[in-house]
Amino acid sequence: MARTALRICPFCEATCGLTLNLDEDSRVLGARGDRDDVFSHGFICPKGASFAELDNDPDRLSRPVIRRGDEFVEAGWEEGLAAAADGLAAVIAEHGGPAVGLYLGNPNAHTVAGHLHVPLLARAIGTRVLFSASTLDQMPKQVAQGHMFGDPFAFSVPDLDRTDHLVIIGANPVVSNGSLATAADFPGKLAALRKRGGRLTVIDPAATRTTRLADTHLAPRPGTDAALLFGVVHTLFDEGLVAPDLGGIAEHVVGVDELRAAATDFAPEQVAEHCGVAAEEIRDLARAIAASPSAAVYGRIGTTTVEFGTTGSWLIDAINILTGNLDRPGGVMFPLAPTAPTPRARPGRDFRIGRWHSRVSGFPEVAGELPATALAEEIETPGPGQIRALVAVAGNPVLSAPDGQRLSRALEGIGFMLAIDPYLNETTRHADVILPPPPPSQSPHFDFTLNRLAVRASARYSPPVRPPADGRPDESAMLSRITLALSGFGVDSDPALVDEQVIATMLAKEVADPTSPVAGRDVGEMVAMIPDGPGYERRLDTMLRLGAYGDGFGARPDGLTLAAVKESPHGIDLGPMRPRLPDVLRTATGKIELAADALLADVARLRASLHRSPDDMLLIGRRHLRSNNSWMHNLPALSGGSNRCTLRIHPDDAARLGVDDVAIVKGAGGELRVAVEVTTEIRPGVVSLPHGWGHDVEGTRTSVASADPGVNVNQLNDGALLDPLSGTAVLNGVPVHVAPV
């Protein structure tokens, strides 16, 4: 009999609630927005509406595949798991755990297994050679937060529902939804801002769907955001616009005078030509932010994947602080997720990078990771510590990282590769074993990571619509069984052993902490209170109970438990963000370090950039409403229309360069032949190509994507350009040469 089931959409950071239509076999037939969802209230985008196509995609792998010579052969689950564990164990036995690298892709942030079980696998391997999409995305913001707040995960997000003036830099959330600001129906929130008399300013070198809603649109040269923001900081000091007592948080802030001194050489009149924005427009921006009853400055990937990504991320929060808009309603605030520990006093220490370094180029570790651009050289270069095996979980770095052709060649020669991925794609085609997780409808869902970024707190959980068929393990069980095998147990061991050990360790630590809500309690008694169920549910229940809204294992009877969340299938609303200073701070001083030494040290490099000769053409990326990186191009419902891989160029540049329907674009990493789209929606001197395309590689199994492959924009980039403070690849503001065919 046909029925419906509720589901949290796992495709992007908006985390919208869906209602799935199912047939009598629980196969997904379609999806619509869940009007009663406490977070999204019925909003749905084209990606969520395509849930059924992704869930039923015939190109998804349903069984393990193992390489036999030049071919992949389907295998049973026991054989596949054993092959994965044996392949890794052989490399570890001969070369040690550090010879195994891990690459984690963006979808890990959307899965239960990615949060709970991937770290345990890394520990069992005995490696810290970790790469991820973070250094192709948001790592500069994490580094800035680390230096300022002492915690690289202390994300400050705009209070969209209460702000009077939202300033968006380098983002197009009408198309991409919120990012590092988990918000369902971002377009609706912008409309509500305007309806209540608020103001929207957008800073972007391209005219986008978001800029069309703006009161003010500034279009700077790509990569000059940090200089422009320093011009705003200079103006705030120069014109006496710094908020009295910093809006009430001055006692928690040090470094104001040092920041004032650093901004001296960045008067708007000094940075205007470099940025391509008039000095008076920069001053007007500073005045408008300072004059607003509340304001929130929010920057995204256009501000992080640039040469001065960390400096720009620092200055965004510096402006929020100086104008009195940090940690206050309507400004930017620190979310408190339902699985975050109960707030308590904890000692801090200064954030550091470079606790270890990459073997070949000596790149410093940042927040536990090495730059994704270093992966190829670490595989290619012989010597002690060479990567001999790779575990890739939900990642496709051949398309998402610079110079994928080099990485592809490196992977051809690696000793062993395991991919946890549902697709045979441009990266996983190099694997020796591919273990495909079940489709989303057959997987649990709880947003561990994205709840830490939510503009309003809630607790929502989606159990599997039906269990995986034919004895297929879920992703958590897959990773747990490999973890157990590498820890000296058999690959056929009960995966629940992993979760029970984690629960026991977690509770033992909590009962020993006098500030914990369960201090001094009996661990066995609390374990007995956790309902039976899959290991991931028992861990989630433990985290919710210990969390800021939790029941403290009975100490707060009205607090959260997983059972309570399950009894509220549309979710539990936990309210708007609340002030959290000083509890959120983890610096050694217990203060916000507004002028940390590492951040100040990079100012000289930025100052020197003001005098460089501008490049003729600069390349930026762009987002599509019906696309998400490299992994959603295989769905018919999301192909065609405006979701096209074209080179956008201004008419003046097209005429000057003699470019018509097709152009040759050359960069440091190679050249591409690409279809041209002439448009006034981009400033002169700038061209744009979307990220995640290039599906014309042999040996893949993505029939829809391969029929309209596009080109891999990252092949224009050799990976040499990095933000040195974070190791993040420069993907926006990349110099290129454009010529006719």
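**Helix pairs and empty spaces in the model**

Helices α6 and α14 cross in a right-handed sense. This comes from a predicted model, as does everything below. The two helices in question span residues 139–149 for α6 and residues 309–322 for α14, and their axes come within 7 Å, crossing at roughly 50 degrees. That angle puts α6 and α14 in the oblique class, because it falls between the under-35-degree limit for roughly parallel and the 65 degrees where roughly perpendicular begins. On the α6 side, the contact with α14 is made by Pro-140, Lys-141, Val-143, Ala-144, Met-148 and Phe-149. Facing them from α14 are Gly-309, Thr-310, Ser-313, Trp-314, Asp-317, Ala-318 and Ile-321. Sorted by class, this contact has 8 nonpolar, 3 polar and 2 charged residues.

Another helix pair is found further along the chain. Here α19 (residues 496–511) meets α21 (residues 535–546), with axes that come within 9 Å and cross at roughly 15 degrees. Angles under 35 degrees count as roughly parallel, so α19 and α21 fit that description. Their crossing is left-handed. From α19, the contact draws on Asp-499, Glu-500, Val-502, Ile-503, Met-506, Leu-507 and Glu-510. The α21 side supplies Gly-535, Tyr-536, Arg-538, Arg-539, Thr-542, Met-543 and Leu-546. Taken by class, the residues where α19 and α21 touch split into 7 nonpolar, 2 polar and 5 charged.

Next come the empty spaces. Rolling a probe the size of a water molecule over the atoms shows where such space is left. In this model the count comes to 4 cavities of 30 Å³ or more. The largest cavity has a volume of about 70 Å³. Its lining takes in Cys-9, Phe-11, Cys-12, Ala-14, Thr-15, Cys-16 and Leu-18, along with Ile-44, Cys-45, Lys-47, Gly-48 and Asn-177. By class, that makes 8 nonpolar, 3 polar and 1 charged residues around the largest cavity.

The second largest cavity has a volume of about 50 Å³. Around it sit Met-632, His-633, Leu-635, Leu-638, Ser-639, Asn-643, Trp-693, Ala-705 and Asp-708. This lining divides into 5 nonpolar, 3 polar and 1 charged.

As for open spaces, the second largest pocket has a volume of about 400 Å³. A set of 19 residues lines this pocket, and those nearest its centre are Ser-62, Pro-439, Gln-442, Arg-466 and Arg-472. The pocket lining breaks down into 5 nonpolar, 5 polar and 9 charged residues.

Note on methods
Residues are numbered from 1 along each chain as its sequence is written. This is a predicted model: local features need pLDDT of at least 70, side-chain atom pairs count only at pLDDT 80 or more; totals for chains, interfaces and linings use all residues. Side-chain values use heavy atoms; hydrogens and water are left out. On a 1 Å grid over the protein atoms alone, a cavity is a set of points where a 1.4 Å probe fits but cannot get out, and a pocket is an open set with protein on both sides within 12 Å along at least five of seven lines; lining residues have an atom within 4 Å of a point. Grid points are joined across faces, edges and corners, and a volume is the space filled by probe spheres set on the points. Ala, Val, Leu, Ile, Met, Phe, Trp, Tyr, Cys and Pro count as nonpolar, Asp, Glu, Lys and Arg as charged, and the others, Gly among them, as polar. Axes are lines fitted to C-alpha atoms, for helices over the stretch in contact, and angles run from 0 to 180 degrees between N-to-C directions. Helices (H or I, at least four residues) and strands (E, at least two) are DSSP runs, numbered from the N terminus. Angles under 35 degrees count as roughly parallel, over 145 as roughly antiparallel, 65 to 115 as roughly perpendicular and the rest as oblique. A crossing is left-handed if the near helix is turned anticlockwise from the far one by less than a right angle, and right-handed if clockwise. Contact means heavy atoms within 4.5 Å.
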